[in-house]
Structures are given as C-alpha cells and as structure tokens.
Amino acid sequence: MIKYEQSELYPYYRICRYIGIFCIQYISSKDRFRLRRSLICYVVHLAMQIYLVACMVSLVTFWTFCFKSEMTATGNHYERFVLFSALLIQFVQNAWLIWLQDLQMRIVRQLEFYKRKYLLTVHLLLPKRLLVFLVIFNIIYFGNFLKFCVTDWFVNISGWFTLSTLGFPLRALISSFIQGTYVCLIHVARHLLLSNQNQLTALVHQLQRPKRSCNDILRLRACLDLHDRLLYLCTDEISLVYGFSIWLCVLFSSLDATSILYIIMVSKSDKTVLKRIILIAIWLSPTFVTSATALMSDTVHVQANKTAKILAKIPRTGSGLDRMVEKFLLKNLRQQPILTAYGFFALDKSTLFKLFTAIFTYMVILVQFKEMENSTKSLQKS
C-alpha cells in the first residue's frame with residue numbers, strides 16, 4: 001500500500017512548514033499527518049511577520065526617496081502604494097493561514113485518505129512538474145529583482161529602504177507556494193471526481209439492464225455520497241482556507257500589473273523590443289501564476305458538472321432509484337460555485353476577465369491623474 005511520505009504533495013507540505021505558514025508533519029509510526037506545533041515553526045512565522053511590519057515602517061519612513069521624475073508624483077506614489085500593499089497582504093495572508101491550521105489539517109487528511117482509497121494506482125504528474133516550475137519561477141523572479149536593486153536602488157537610495165523592498169520578492173515566493181499547494185489539492189479533488197465518475201459510468205450501464213441488483217443501487221448511493229462530500233470539501237473548507245488567500249493574490253495582481261504596465265508606458269528605455277517583452281513577462285509572472293490558479297479551479301467545476309450528465313442516462317422506471325437520481329440532479333441545478341475567493345467571486349475563467357477589467361480601470365485612473373498633474377504644472381509655469 002502506498003504511504004503518505006510517497007505522496008506527490010508531500011514536498012508542498014514540507015515547504016509550507018519551512019516558511020512558517022502550515023506546521024504539518026508526517027508521523028511514519030502512526031502513518032498519518034499531524035500538526036507539528038513546534039517552537040521553530042512559530043519562531044519562523046513570527047520572524048517573518050516582524051520583518052514585514054519593519055519593512056512597512058521603513059517604507060513609510062523613506063516614502064519619497066528616489067521618486068522618478070518621468071513617472072510624475074502620481075506614478076511614484078502608486079508604485080510605493082503597490083509595494084506597501086505587497087507587504088501588508090503577505091502579513092495578512094500569513095496570519096490567516098497560521099490561524100486556520102486545524103482546518104488545513106482536516107483538508108489534507110481527508111484528501112490524502114481519499115487519494116489512498118480511490119487513487120491508489122494513479123500517479124499524479126502535475127505536483128512534481130508544478131514544483132519544478134515554481135522553483136525556476138522564483139529563482140528567475142528573485143534574480144531579476146536583485147539585478148534591479150544592484151543597478152538602481154543600491155546606488156541611489158537608502159540601504160534601509162532597499163532592505164524593505166526585499167519583502168516584495170518574498171511575497172512572490174510565499175504566495176506562489178500557497179497557490180501551488182492549493183492547485184495540487186484541487187487537482188487531487190478533480191481526479192477523485194473523475195475516478196468516481198468512472199465508477200458511475202460502469203454502474204449506469206449495469207442499471208440499464210431490466211434486472212437491477214440492490215448491490216448496484218447501494219454502490220450508486222455511495223458514489224453520489226462521495227460526490228457530495230468532495231463538493232462540500234471544496235465549497236466550504238478549501239474555499240474558506242485558500243479562497244481568502246487567492247482573493248488577496250488576485251487583488252494584489254491587479255495593482256501590481258497596473259503599476260508595471262504604467263512604468264513601462266511612461267519610462268524610456270534603450271533595450272530592444274525582445275528584451276523589453278522578456279522583462280515585462282518576468283515582472284508580470286506572479287500575475288500569470290494567479291491567473292493559472294484560477295484556470296485550474298475551473299477544471300474542478302467542469303469535472304463536477306459531468307456527474308449530472310452521466311446520471312441523466314439512467315432510464316426511468318418509477319422506482320425509488322428515480323427519486324434519488326432526480327433529487328441529486330435538482331440539487332446540482334441549484335449548485336453554487338464550487339471554488340470561490342472566500343465568497344467574493346467564483347474562481348473560474350471569469351476571474352481572468354475580472355482581473356483584466358480591474359487592471360484596465362486602474363490604468364485609466366492613473367493616466368487621468370497623470371494628465372491632470374501635467375496640466376497643473378503647465379498652468380503654474382504659465
């Protein structure tokens with residue numbers, strides 16, 4: 001039998017423990033996970049929170065240092081506001097996840113139990129590939145950030161302010177692995193739904209025969225019960241724990257992407273078009289990760305909807321089985337969004353449209369303020 005330490009998701013649990021947001025540990029003797037409320041984990045969490053608060057204080061203290069003249073006061077203040085938001089959002093995100101550790105533990109235990117029971121022979125490739133991608137992404141993003149600091153900020157501004165800006169790539173690092181853990185968990189949930197639907201398909205073929213056995217009906221009831229439990233896990237528990245974090249990531253992505261696009265628009269550069277595109281892609285990579293997270297959430301919703309299509313193929317005979325199936329189908333017609341950003345909005349393909357709309361709106365506001373500022377300066381000179 002497969003063991004928990006061989007689970008594809010185990011590296012994510014360990015990383016979350018190392019960065020102080022999820023104190024989970026696998027106990028091999030008892031063959032189960034438990035919360036490891038160790039002093040080291042809480043010291044890491046506390047140190048990170050203190051650092052983020054210190055960064056916010058330092059940022060406010062050196063708020064007007066090295067404002068760029070080509071960006072106008074509007075762009076400079078907005079850039080600093082985005083940096084401050086990154087630190088504040090990460091502080092809240094860390095506190096939220098460490099507060100809901102017990103609920104996270106229940107989610108992990110439940111999914112790992114279902115994975116062992118129903119996906120024993122299934123080898124998930126996404127978690128390992130995603131882990132490699134996240135490591136490469138963070139190396140590139142952090143390297144680009146340090147290069148920017150060395151060539152610009154270390155030369156022109158206070159060292160204390162530069163130290164505080166390191167909270168920006170730290171936010172990208174922590175948030176990326178939080179989103180990575182979330183994606184892996186819902187990936188397991190999607191495969192569980194798929195496995196359950198394969199069993200339902202086989203049962204539907206058997207129930208289409210004139211004679212129906214009680215065993216087939218009991219198995220059908222068990223499959224529908226598993227479907228309901230998986231949806232409850234996603235809509236109530238995963239959306240509560242990780243939905244709030246994803247909402248913070250979407251909120252920050254709209255601010256971050258707007259700031260980057262605005263800076264690119266007003267700044268002059270002697271770089272080639274290809275180098276500018278690569279640089280923009282690197283700076284926008286956290287936004288791409290958040291967008292991919294929303295798209296992965298949509299796959300769970302799509303997969304869950306297939307259950308009703310399978311059940312609709314069962315012929316009606318006027319028996320109790322029909323009432324059970326009709327009740328399930330009626331409940332699915334009223335089904336709320338499966339994965340949400342803490343209830344603010346559904347995490348699906350529409351999230352990309354909401355994100356794009358927010359970025360466009362912020363860009364329009366920034367451009368309007370920039371034009372008003374330029375007009376005011378022109379009037380003052382005249």
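**Helix packing and a strand pair in a predicted model**

The crossing of helix 4 and helix 8 is left-handed. This description rests on a predicted model, and it covers the packing of helix 4 (residues 101-118) against helix 8 (residues 214-266), a buried serine in helix 8, and the antiparallel pairing of strand 1 with strand 2.

**Helix 4 against helix 8**

- The two helices, helix 4 and helix 8, pack at an angle of about 150 degrees, and their axes lie 10 Å apart.
- Because angles over 145 degrees count as roughly antiparallel, helix 4 and helix 8 are roughly antiparallel to each other.
- On the helix 4 side, the contact is made by Leu103, Gln104, Arg106, Ile107, Gln110, Leu111, Tyr114 and Tyr118, which meet Leu226, Arg229, Leu230, Leu233, Glu237, Ile238, Leu240, Val241 and Tyr242 of helix 8.
- The residues of this contact between helix 4 and helix 8 comprise twelve nonpolar, two polar and three charged ones.

**Ser245 in helix 8**

- Ser245, which is found in helix 8, has a relative accessibility of 1% and therefore counts as buried, the cut-off being under 20%.
- When neighbours within four places in sequence are left aside, Ser245 is in contact with Gln93, Trp96, Leu97 and Ile178.

**Strands 1 and 2**

- Strand 1 (residues 24-27) pairs with strand 2 in the antiparallel sense over four bridges, and Ile24 has Leu35 in strand 2 as its bridge partner.
- In strand 2 (residues 32-35), Phe33 and Leu35 make up the covered face, whereas Arg32 and Arg34 make up the uncovered one.

Conventions. Residues are numbered from 1 along each chain as its sequence is written. This is a predicted model: local features need pLDDT of at least 70, side-chain atom pairs count only at pLDDT 80 or more; totals for chains, interfaces and linings use all residues. Side-chain values use heavy atoms; hydrogens and water are left out. Axes are lines fitted to C-alpha atoms, for helices over the stretch in contact, and angles run from 0 to 180 degrees between N-to-C directions. Angles under 35 degrees count as roughly parallel, over 145 as roughly antiparallel, 65 to 115 as roughly perpendicular and the rest as oblique. A crossing is left-handed if the near helix is turned anticlockwise from the far one by less than a right angle, and right-handed if clockwise. Contact means heavy atoms within 4.5 Å. Ala, Val, Leu, Ile, Met, Phe, Trp, Tyr, Cys and Pro count as nonpolar, Asp, Glu, Lys and Arg as charged, and the others, Gly among them, as polar. Buried means under 20% relative accessible area, exposed over 50%, partly exposed in between (1.4 Å probe, protein chains only). Two strands pair if DSSP finds at least two bridges between them.
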